[in-house]
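Hi everyone, thanks for making time for this. Please have a look at the model on the screen, and I'll walk you through a few parts of it.

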Amino acid sequence: MTSWLGGWRAGTSLAAAEWELRHRWIVRAALTQAVALALLTGALGHGRGPASSVLLLAGLPAVLATRAGWPARLRTVLATLSLTVGAATLVPITGQGEAFSWMLLAIAVSALYQDWVIVPTAVVVAVAEFGVVVYHPGRTDPYDLLPVVATLLVCLVHHRTWQLAEDRARTDPLTVLGNRRRLEEATARLLRHDGPLSVLFLDLDGFKAVNDGRGHLFGDQLLVEVADRLRTGVRADDLVVRLGGDEFAVLVPGVATHASDVARRLQAAMRVPVQLTGRPVTVTASIGVATTGTAGRRDAEELLRNADLAMYQAKATGRNRVVSFVPGMAEAVTDRAALAEDLTAAMAAGDQLAVHYQPVVTLPGGQAGGYEALLRWRHPPRGPIPPLQFIPIAEQTGAITALGTWVLRQATRDAVTGLGGECGPSKVAVNVSAVQLADQDFVGTVRAALADSGLPAERLVLEVTESVLADDLVAVCARLQQLRDLGVRIAIDDFGTGYSSLSYLRQLPADIVKVDRSFITDLARGGAATTLVASIVELARSLSLDVVAEGVETELQRDTLAALGCTYAQGYLFGRPEPVAPAPAQLPLTT
């Protein structure tokens, strides 16, 4: 019975500390009422016996309600009993009118618990009061029922008020989905059974850029649209909640395969562009999945934490992914957090980071036609850290803005004096992240770097990955056009691997297409890879775009690309990234 009563706590809207504070005040009021009613009974001449009975009936529940080891819900019932029974004892002492008024006061005080249990408790006391104290066969006036009926109506009003308060406490006001509290309670309730359970943790990719670029009102509308898609993408038994900001969660009862199916459906639903103000925008979602099968214990907090860790890993490995939690993932996240702190320290020190340059050559001759600036980090104890490891960290922490600005300024200065042994100014390409491109000041940053270094604008190429097109194609095109108006050339990096299509290429204010290395690697096999590269080269030629093939490592790849009409290439076959000689002075970075 104790364990059953212990489960009652879920009904209140109050935090534990707030409940304890109110409970102490209500119990004191109940004890004071019991003593006062006993004294009133004696003062009105009813004798010591009735006074002692009143003290026992009204005071004993309040005394029991002070037992700290008892379940909170049981103590709520006892305190409510003390208050309402005390009001009921006023019927034989002072009359029914005074008792009714006092009963309403008792219900109002008990309502401070914000718990539905006070309603049946008060109803039971009111009915018992009428049946035991008021009702006498053949002598009871029908009007004597009015206080009881009024008490029942008051209880119903309090019950409805409680329901509305509970709904508000468990509902996200923007999306009308459940909130974190509803998720935690539902998870805890389902975990008390032995069946399998999964939690999906979703975080929108690129939402901040959309929110900052279009405004918070548009961002709110986008969140509502996302919430609707999540609702329609789950099963009837699944629970969708908004945790806050652009984070959502889905509670999926059943075996782990159900969660995988739901995650795939939601990921597909998110890819469809959203039409809100006539300008389509696409946001994707990184999804972490945690199941009871991989959890250390059946605990709601641990399950949600595991899903959060898996989502974080999905973000770290490229976004727009579904990652399932596995043991050991927490250690990987801790290591990643430590690396983020080390990157901040490296930026402040300025002696661990350097810009290296890889040549971009013409085909088939192999003459250097420019260089790509590539950031390198040599960690003191760990040694070289791959860019694929630290660049996503910089993007997530916001350090990429300062880091990218420093690379841009360093590269333009180096290009003026000459790269690869040639006399300057050299042509140099610098990578730009989606975070930088979304920055309202980025065009000014590029203009200042060109002015300070003296590099002609036409000698600078800014490379953007096609994944930036997923955020807001119209806004991205507008920003790229502003950069081209400076005289800078634009290259679309990793073409063919993400969101862009050949039709997008007609809309982009671009000058260069860089074919992703994955297609170049497959050239030796012929077939689809060769056909795709040939199609990109032909389309680019029709749009007057240059084509650069990335990751060329063999002579066969070089010869195949030349035969297909590709005019530029870069890769280890032509040269590895190297620092300028002598090595450039490192400048402290600021975030």
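Let me begin with a question: which residue in strand 6 does S198 stand opposite? It is T291.

Before going on, a word on what you are looking at. This is a predicted model, where local features need pLDDT of at least 70 and side-chain atom pairs count only at pLDDT 80 or more, while totals for chains, interfaces and linings use all residues. Residues are numbered from 1 along each chain as its sequence is written, and side-chain values use heavy atoms, with hydrogens and water left out.

Now the overview. The protein has 23 helices and 17 strands; helices (H or I, at least four residues) and strands (E, at least two) are DSSP runs, numbered from the N terminus. Of its 591 residues, 47% are buried, meaning under 20% relative accessible area, with exposed being over 50% and partly exposed in between (1.4 Å probe, protein chains only). Take the contacts with a separation of 6 or more: 69% of them join residues 24 or more positions apart. Contact here means heavy atoms within 4.5 Å.

Back to the sheet. It is an open one of 5 strands, in the order 2-3-1-6-7, with mixed pairing; two strands pair if DSSP finds at least two bridges between them. Strand 2 (239-244) and strand 7 (322-324) are at the edges with a single partner strand each, so one side of each has no neighbour in the sheet. On average, neighbouring strands are turned by 20° against each other, direction ignored.

Strand 1 (residues 197-205) pairs with strand 6 (residues 284-291) in the antiparallel sense, over 8 bridges. D203 has S286 as its bridge partner in strand 6. Strand 1 also pairs antiparallel with strand 3, over 7 bridges, and there L197 stands opposite P253.

How many of the 9 residues of strand 1 are buried? The count is 9 of 9. In a regular strand, side chains alternate between the two faces of the sheet. In strand 1, L197, V199, F201, D203 and D205 are on one side, S198, L200, L202 and L204 are on the other, and all are buried.

Which helices are packed here? Helix 9 (residues 180-191) lies across strands 1, 2 and 3, running at about 135° to strand 2. Helix 11 (residues 216-233) touches strand 1, strand 2 and strand 3 as well, and its direction makes about 10° with that of strand 3. For such angles, axes are lines fitted to C-alpha atoms, for helices over the stretch in contact, and angles run from 0 to 180 degrees between N-to-C directions.

Helix 9 also meets helix 13 (residues 300-316): their axes come within 9 Å and cross at roughly 120°. The two are therefore oblique to each other, the word for whatever is left once under 35 degrees counts as roughly parallel, over 145 as roughly antiparallel and 65 to 115 as roughly perpendicular. R180, L183, E184, T187, A188 and L191 in helix 9 meet A300, L303 and L304 in helix 13.

Finally, compare helix 2 (residues 16-43) and helix 4 (residues 72-88). Their axes come within 9 Å and cross at roughly 30°, so these helices are roughly parallel to each other. The residues making this contact include W19 and H23 of helix 2 and R75 and L83 of helix 4.
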